[in-house]
Amino acid sequence: MNTSSKQRLSFQARRSHFSHNIAATTLIDTIVTKETNLCVSADLTKSSEILALADAVGPFICMLKTHVDIIEDFSDSFVSGLQSLAKKHNFVIFEDRKFADIGNTVQLQYSSGVHRIASWSHFTNAHPLPGEGIVTGLKAVGKPLGRALLLLAQMSSAGSLFTAEYTSQAVAMAEKHRDFVVGFIAQKRLSSPHDFLVLTPGVNLAEAGDDMGQQYRTPKTVMADGCDVIIVGRGIYAPGRDPAVEAKRYRDAGWGAYLDSLA
Ligand code: 5BU
């Protein structure tokens, strides 16, 4: 679907493009039912803090994104707590693992170890950098479980080494594996005859960036660039903020910008 933002199709109209992947259709159904394209990035280091955040923002999100390798007290009970909240509030889980190794290694990292990511995370992501083997390795584990993969095609950080050529190679890799790769982490809709979801980090209503290279844009800007899901972390849980209030504010901004960008 090689669309500019002005030709954006609704999520409902695009659902059939993803009927081969249950994680993607579940995400789309959640977006449509709850009228939210907000993913909250829960970059906190204690299980209890993440679960409390997920419970507070749950009504306003379609997806919760984790970095489980930063959790000090990771356990199976954290995973079951997160799964219960995902059920209670109807959201999907995205472990932002950013795999970046050979197929054999990522297969083990995805299925095994302390985190056993494939057993609980509907979505995960990978760098295309090592070549196609990274996708085939992850797919062997994730596809039988109904999981989905996002390829990193662009990043929000200043000075990133992603070139236009690299981004188009990422799209080509995704096109070869549409049964498992359902979208990208990117900053805008990418040109392809096929439909892919675009999830976009680096979104904040108040700040322009941080002191370590993060660069922010507003929900309005990213939706005008054809992105589908806004990923927001510190904009929602930074000290002094009420996460439920902020999540509603970002949900309203993201969904309003989506409606404005519809054809
Ligand atoms: P923030 O607090 O909204 O800046 O958090 C952004 C999150 O998105 C954080 O978990 C990052 O690891 C993640 N991220 C990003 O910021 N930029 C990128 O290009 C990619 C991921 Br890929």
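This report walks through selected helices, loops and single residues of one predicted model.

## Helix α2 and what follows

Start with helix α2, which covers residues 22-34. The helix has 13 residues. From its first C-alpha to its last, α2 reaches 18 Å. That is close to the 18 Å expected at 1.5 Å a residue.

Look at the start of α2. A side-chain oxygen of Asn21 comes to within 3.0 Å of the backbone nitrogen of Ala23.

Which residues of α2 are buried? They are Ala23, Ala24, Thr25, Leu27, Ile28, Thr30, Ile31 and Lys34. A general point helps when reading such a list. An α-helix has 3.6 residues a turn, so residues three or four places apart point the same way.

Now step just past the helix. Glu35 has a positive phi of about 50° there.

## Arg251 in helix α10

Glu35 turns up again as a contact of Arg251. Arg251 sits in helix α10, which spans residues 243-260. Is Arg251 buried or exposed? Arg251 is buried, because its relative accessible area is 17%, and buried means under 20%.

Residues up to four places away in sequence are left out of the next list. Arg251 touches Lys34, Glu35, Thr36, Leu38 and Phe60. Lys34 is also one of the buried residues of α2. Phe60 is worth a second look. Arg251 and Phe60 are 191 residues apart along the chain, yet their C-alpha atoms are separated by 6.1 Å.

## Where α5 meets α6

Next comes a pair of helices. Helix α5 covers residues 103-111, and helix α6 covers residues 133-142. Their axes come within 8 Å and cross at roughly 35°. The crossing of α5 past α6 is right-handed.

Which residues make this contact? From α5 come Gly103, Val106, Gln107, Tyr110 and Ser111. From α6 come Gly133, Ile134, Gly137, Leu138, Ala140, Val141 and Gly142. By type, the contact has 6 nonpolar residues, 6 polar residues and no charged ones.

Ile134 of α6 has another partner, His127. His127 is in the loop between β4 and α6. His127 counts as buried because its relative accessibility is 16%, which is under 20%. Leaving aside neighbours within four places in sequence, His127 is in contact with Lys98, Phe99, Ala100, Ile134, Leu152, Met155, Phe162 and Tyr166.

## Positive phi values

Lys98, a contact of His127, brings back the topic of phi. Most residues other than glycine have a negative phi. Lys98 has a positive phi, near 50°. Lys98 lies in strand β3, residues 92-99. Its relative accessible area is 25%, so Lys98 is partly exposed.

Arg116 also has a positive phi, near 40°. Arg116 is in the loop between α5 and β4, where β4 is residues 123-126. At 39% relative accessibility, Arg116 is partly exposed.

## Polar contacts of Arg8 and Ser192

Arg8 is found in the segment before α1, residues 11-14. Its relative accessibility is 3%, so Arg8 counts as buried. The side chain of Arg8 makes polar contacts with the side chains of Asp228 and Ser261. Ala52 is another matter. Arg8 and Ala52 are 44 residues apart in sequence, and 35 Å lies between their C-alpha atoms.

Ser192 lies in the loop between β6 (181-185) and β7 (197-200). How accessible is Ser192, and is it buried or exposed? At 2% relative accessibility, Ser192 is buried. Its side chain makes a polar contact with the side chain of Glu175. A polar atom of the Ser192 side chain also lies 3.0 Å from the backbone nitrogen of His194.

The table lists the side-chain pairs.

| Side chain | Partner side chain | Polar contact distance |
|---|---|---|
| Arg8 | Asp228 | 3.1 Å |
| Arg8 | Ser261 | 2.6 Å |
| Ser192 | Glu175 | 2.5 Å |

## Thr221 in helix α8

One residue remains. Thr221 is in helix α8, which covers residues 219-224. Thr221 is partly exposed, because its relative accessible area is 36%, and partly exposed lies between the 20% and 50% limits. Thr221 and Leu108 are 113 residues apart in sequence. In space, their C-alpha atoms are 38 Å apart.

Note on methods:
Residues are numbered from 1 along each chain as its sequence is written. This is a predicted model: local features need pLDDT of at least 70, side-chain atom pairs count only at pLDDT 80 or more; totals for chains, interfaces and linings use all residues. Side-chain values use heavy atoms; hydrogens and water are left out. Axes are lines fitted to C-alpha atoms, for helices over the stretch in contact, and angles run from 0 to 180 degrees between N-to-C directions. Helices (H or I, at least four residues) and strands (E, at least two) are DSSP runs, numbered from the N terminus. A crossing is left-handed if the near helix is turned anticlockwise from the far one by less than a right angle, and right-handed if clockwise. Contact means heavy atoms within 4.5 Å. Ala, Val, Leu, Ile, Met, Phe, Trp, Tyr, Cys and Pro count as nonpolar, Asp, Glu, Lys and Arg as charged, and the others, Gly among them, as polar. The expected span of a helix is 1.5 Å times one less than its number of residues. Buried means under 20% relative accessible area, exposed over 50%, partly exposed in between (1.4 Å probe, protein chains only). A polar contact is a pair of N or O atoms within 3.5 Å; within protein, one must be able to donate a hydrogen and the other to accept it, and residues adjacent in sequence count only if both atoms are side-chain atoms.
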